[in-house]
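Reader: I have just opened this structure and would like a friendly tour. Could we go through it by question and answer?

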Amino acid sequence: MQSNAYDVVVVGGGMVGAALALALKTQAQLSVALIEQDPGSEHWPNTDLAAYPTRVSAISRASENLLKNLGVWSWLLEQQQLYPFVGMQVCDADMTGEVHFDAMDIDEPNLGHLVANQAIQMALWHGLRQHGITVMSGQTITALSVDTEWAEVGFANHAPLNAKLVVGADGAFSKVRQLAGIGLDQHDYQQIALVGCVQTQADHQQTCWQRYTPTGPFAFLPMAPKISSIAWYMPADQQAWAMSLSKDAFHQQLYQASAGHLGEIVDSWERASFQLSRRHAQAYVKPRVALVGDSAHTINPQAGQGVNLGLLDVASLVDVIIQAQIALDDPMIFDPGCFSLLRQYERWRRGDNALMQRAMEVFDWGLGQQAGLLNQVRPELMKLANIAQPVKNKLMREALYGRQPFPRLTQH
Ligand SMILES: Cc1cc2nc3c(=O)[nH]c(=O)nc-3n(C[C@H](O)[C@H](O)[C@H](O)COP(=O)(O)OP(=O)(O)OC[C@H]3O[C@@H](n4cnc5c(N)ncnc54)[C@H](O)[C@@H]3O)c2cc1C
């Protein structure tokens, strides 16, 4: 192999890219280089994790199992970064219709964990360092070319790298996607989500709670006792207003949006807000190029599935690579950038991700309608849904494990 050459170059060291780099090295024994544009990543993992994180994710069992198989779940446990939730309650604006989901109904200890994004990323970077994976911090790619044998990745101030496969894990505005000439289907929801941690008067009882208000959903996501992460959705033109509210006015607004579900808002910490769009890459692969995570798809975050889908991409791509390795007797001729192999990954994931994107929109539309026939019959429909136990059990299992076939790395 040439110097400066790797089996795989992963661009983007967020939760998805870091998980992929670690999985390719530890599970498929491939040589990997990870490129992360944030110069601060030179010092990661710092263990200076925020006490009240702004961004958190609801992590499914499939993602938990992947992180366990990569040896990083125990780091999150040691750092006391895992907040299990045992129930989920969804209600409409006037709370006449409600659906409850309970982990006990499907004999599971919980329905997932709330974990700070930063904590997951640092846990994975701890793994990258432990396994000596090559990391290029503060670098962003400027060029990408592909021939029959190799892909070449160019930089503004660094010698190019060669790889059999280049993976774009560089988020929603992926440079790899652009340089590979892969088109994007996009729909702007004209909505934002405001997130942050709050302290409430009443405890959340380890239950996620989501109310569909006339301007969008409002959610409490349970963390420490009486501490929740909130997700408050609203029309995009209210972003500046919501971000500039004084603390007292903010607490008052949250009290109204939550209809006082957890009593008064006692305190709050740093807020952030995000414009929401559905994006779907028109292809996930090209010869010697693949996309994973937000570079391939973004989804309405209401059901907390974005990073879980990205980690399913990781587990599926690694599964396809390992199966191809097993099928070949001679590791010297194994080529992870082979197009037919990459197409297997695309066929596995693209349809499932599209289905999840659309399902979220139907769900949002159904619960968000504030007028018309659906609005009138919704409370009764929700009561029916609440007693349709087999349907609820199926939904809970799919949210926890994804849809079959399950990639091996998501089993434990
Ligand atoms: C409000 C909100 C709430 C959410 N809640 C949930 C939830 O509860 N559960 C869930 O599963 N998902 C949730 N999501 C979605 C989840 O946050 C994303 O799906 C996830 O962060 C995507 O991870 P990623 O690693 O693919 O991309 P990113 O997190 O965007 O990481 C990309 C990385 O690539 C680096 N990078 C970018 N460009 C370059 C370049 N040119 N060169 C080198 N490096 C580059 C970036 O610095 C970054 O480190 C939510 C999203 C939002 C907006």
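Here is a short conversation about the chain, its ligand and a few chosen residues.

Reader: Before anything else, how many helices and strands are there in the protein chain?

Author: Please keep in mind that this is a predicted model. The protein chain holds both kinds of element, and the count comes to eleven helices and 19 strands.

Reader: What radius of gyration does the protein chain have, and what would a compact globule have?

Author: The C-alpha atoms fill a box of roughly 65 × 40 × 40 Å along the principal axes. For a chain with 412 residues, a compact globule would have a radius of gyration near 22 Å. The protein chain agrees with that, because its own radius of gyration is 22 Å.

Reader: What percentage of the residues count as buried?

Author: Let us start from the outside: the protein chain exposes about 17700 Å², and carbon and sulfur atoms supply 53% of that area. Of the 412 residues, the share that counts as buried is 54%.

Reader: Among contacts between residues at least 6 apart in sequence, what percentage join residues at least 24 apart?

Author: This question is about how contacts in the protein chain are spread along the sequence. Taking the contacts between residues at least 6 apart, the part that joins residues at least 24 apart is 75%.

Reader: Now to the ligand: which residues are the closest to it?

Author: The ligand is surrounded by 32 residues. These divide into twelve nonpolar, 15 polar and five charged. Elements that each supply at least two residues of this shell include α1, β2, β3, α4, β12 and α8. The closest residues are Glu36, Ala58, Thr140, Asp294 and Val307.

Reader: How much of the ligand's accessible area does the protein cover?

Author: Some polar atoms are a good place to begin: the side chain of arginine 55 has an N or O atom 3.1 Å from an oxygen atom of the ligand, and a polar side-chain atom of threonine 140 lies 2.9 Å from a nitrogen atom of the ligand. Asparagine 308 brings a backbone N or O atom to 3.1 Å from a ligand oxygen atom. On its own the ligand has 1000 Å² of accessible area, and the protein covers 84%.

Reader: Which residue's side chain is joined to that of aspartate 335 by a polar contact?

Author: Aspartate 335 sits in the loop between α8 and α9. Leaving out residues up to four places away in sequence, aspartate 335 touches Lys164, Arg288 and Leu341. The polar contact between side chains spans 2.8 Å, and the partner of aspartate 335 is arginine 288.

Reader: Is glutamate 152 buried, partly exposed or exposed?

Author: Glutamate 152 belongs to strand β10. Beyond its neighbours within four places in sequence, glutamate 152 is in contact with Ala143, Leu144, Ser145, Pro160, Leu161 and Asn162. Its relative accessible area is 35%, and buried would need under 20% while exposed would need over 50%. Glutamate 152 is therefore partly exposed.

Reader: How many of the nine residues of helix α2 are buried?

Author: The buried residues of α2 are Arg61, Ala62, Ser63, Glu64, Asn65, Leu66 and Leu67. What covers them includes β3, α3, β7, α4, α8 and α11. The helix is mostly covered, and the number of buried residues is seven.

Reader: Where are the cis peptide bonds that lead to proline 45 and proline 405?

Author: Most peptide bonds are trans. Proline 45 is in the loop between β2 and β3, and proline 405 is in the segment after α11. Omega is near 0 degrees in both cis bonds: one runs from tryptophan 44 to proline 45, and another from glutamine 404 to proline 405.

Reader: Glutamine 205 has a positive phi; is this residue buried or exposed?

Author: Most residues other than glycine have a negative phi, yet phi of glutamine 205 is near 55 degrees. Glutamine 205 lies in the loop between β12 and β13, as does glutamine 206, which has a positive phi of about 55 degrees. With 34% relative accessible area, glutamine 206 is partly exposed. Glutamine 205 has 58% relative accessibility, so it counts as exposed.

Key
Residues numbered from 1 in each chain as written. Predicted model: local features only at pLDDT ≥ 70, side-chain atom pairs only at ≥ 80, totals over all residues. Heavy atoms only, no water. Helix = DSSP H or I, 4+ residues; strand = E, 2+ residues; numbered from the N terminus. Polar contact = N/O pair within 3.5 Å; in protein donor to acceptor, adjacent residues only side chain to side chain. Contact = heavy atoms within 4.5 Å. Near = heavy atom within 4 Å. Areas by Shrake-Rupley, 256 points an atom, 1.4 Å probe, with all protein chains shown as cover. Nonpolar A, V, L, I, M, F, W, Y, C, P; charged D, E, K, R; others polar. Rg over C-alpha atoms; globule rule 2.2 N^0.38 Å. Buried < 20%, exposed > 50% of the residue type's maximum accessible area, 1.4 Å probe, protein only.
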